Amino acid sequence: MVAAEGGFAEDFDGVVTSPCISVCRMTPDRSHCQGCFRTLDELRAWGKVGAAQRRDIWAQLLVRAGIAHPAAVSAPD
């Protein structure tokens with residue numbers, strides 16, 4: 001959704017949307033949420049940080065989720 005909205009673009013000036021999918025449950029080791037892959041610190045910070053920090057959080061949770069960052073995925077020819 002963020003990729004479709006342009007939220008990963010450095011010049012994006014809109015609101016970077018939350019990765020929450022309403023599956024709010026921590027992993028057994030409490031390292032991150034099973035739904036959105038954010039850590040507790042990232043969840044706490046989300047409402048207080050700007051777009052650049054939100055993009056950073058997105059990048060980190062994509063790594064945790066094993067999903068390629070949209071900027072790293074090449075566009076089809």
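Tutor: Start with a definition: a salt bridge is a side-chain nitrogen of Lys or Arg within 4 Å of a carboxyl oxygen of Asp or Glu. This is a predicted model, in which local features need pLDDT of at least 70, side-chain atom pairs count only at pLDDT 80 or more, and totals for chains, interfaces and linings use all residues. Numbering runs from 1 along each chain as its sequence is written, and side-chain values use heavy atoms, without hydrogens and water.

Student: How many salt bridges does the structure hold?

Tutor: There are 2. Opposite charges on side chains can pair when the charged atoms come close.

Student: What makes aspartate 41 and arginine 44 a salt bridge?

Tutor: Their N to O distance is 3.0 Å. The cut-off is 4 Å, so the pair qualifies. Both residues lie in helix α2, 3 residues apart, about one turn of the helix. Both are also exposed (over 50% relative accessible area; buried is under 20%, partly exposed is in between, with a 1.4 Å probe and protein chains only).

Student: What makes arginine 64 and glutamate 42 a salt bridge?

Tutor: Here N to O is 2.9 Å. That is within 4 Å, so the label holds. Arginine 64 sits in helix α3 and glutamate 42 in helix α2, so this pair ties together parts 22 residues apart in sequence.

Student: Why is glutamate 42 called buried or exposed?

Tutor: Glutamate 42 has a relative accessibility of 7%. Buried means under 20%, so glutamate 42 is buried. Its partner arginine 64 has 30%, so arginine 64 is partly exposed.

Student: What is the secondary structure of the protein chain?

Tutor: The chain has 3 helices and 0 strands (DSSP runs numbered from the N terminus: H or I of at least four residues for helices, E of at least two for strands). Along the sequence the pattern is α-α-α. Buried residues account for 29% of the 77 residues.

Student: How many disulfides does the structure hold?

Tutor: The count is 0 (a disulfide needs two cysteine sulfur atoms within 2.5 Å).

Student: How do you know that cysteine 24 has no bond to the closest cysteine sulfur?

Tutor: That sulfur belongs to cysteine 20 and is 4.3 Å away, too far for a bond. Cysteine 24 is exposed, with 65% relative accessible area.

Student: What about cysteine 33 and its nearest cysteine sulfur?

Tutor: The nearest sulfur is that of cysteine 36, at 3.9 Å, and cysteine 33 is in no disulfide. At 5% relative accessibility, cysteine 33 falls under 20%, so cysteine 33 counts as buried.

Student: What is notable about phi of serine 22?

Tutor: Phi of serine 22 is near 60°, a positive value in a residue other than glycine. Most residues other than glycine have a negative phi. Serine 22 lies in the loop between α1 (2-5) and α2 (40-45). Its 64% relative accessibility makes serine 22 exposed.

Student: Where is arginine 30, and what is its phi?

Tutor: Arginine 30 is in the loop between α1 and α2. Its phi is also near 60° and positive. At 52%, arginine 30 is over 50%, so arginine 30 counts as exposed.

Student: Which residues form the negative surface patch?

Tutor: Glu10, Asp11, Asp13 and Asp56 form the patch. The rule takes residues with over 30% relative accessible area and no salt bridge, and joins like charges within 9 Å (nonpolar Val, Leu, Ile, Met, Phe, Trp and Tyr side chains within 5 Å). Asp and Glu count as negative, Lys and Arg as positive; His and the chain ends are not counted. Aspartate 56, in helix α3 (residues 51-65), has 45%, so aspartate 56 passes the 30% limit and is partly exposed. Aspartate 13, in the loop between α1 and α2, has 76% and is exposed.

Student: How far is aspartate 13 from alanine 51?

Tutor: Their C-alpha atoms are 7.8 Å apart, with their positions 38 residues apart along the chain. Threonine 17 is 9.2 Å from alanine 51, C-alpha to C-alpha, and 34 residues away in sequence. Threonine 17 has 17% relative accessible area, under 20%, so threonine 17 is buried.

Notes. Areas by Shrake-Rupley, 256 points an atom, 1.4 Å probe, with all protein chains shown as cover. Charge placed at Lys NZ, Arg CZ, Asp CG, Glu CD.
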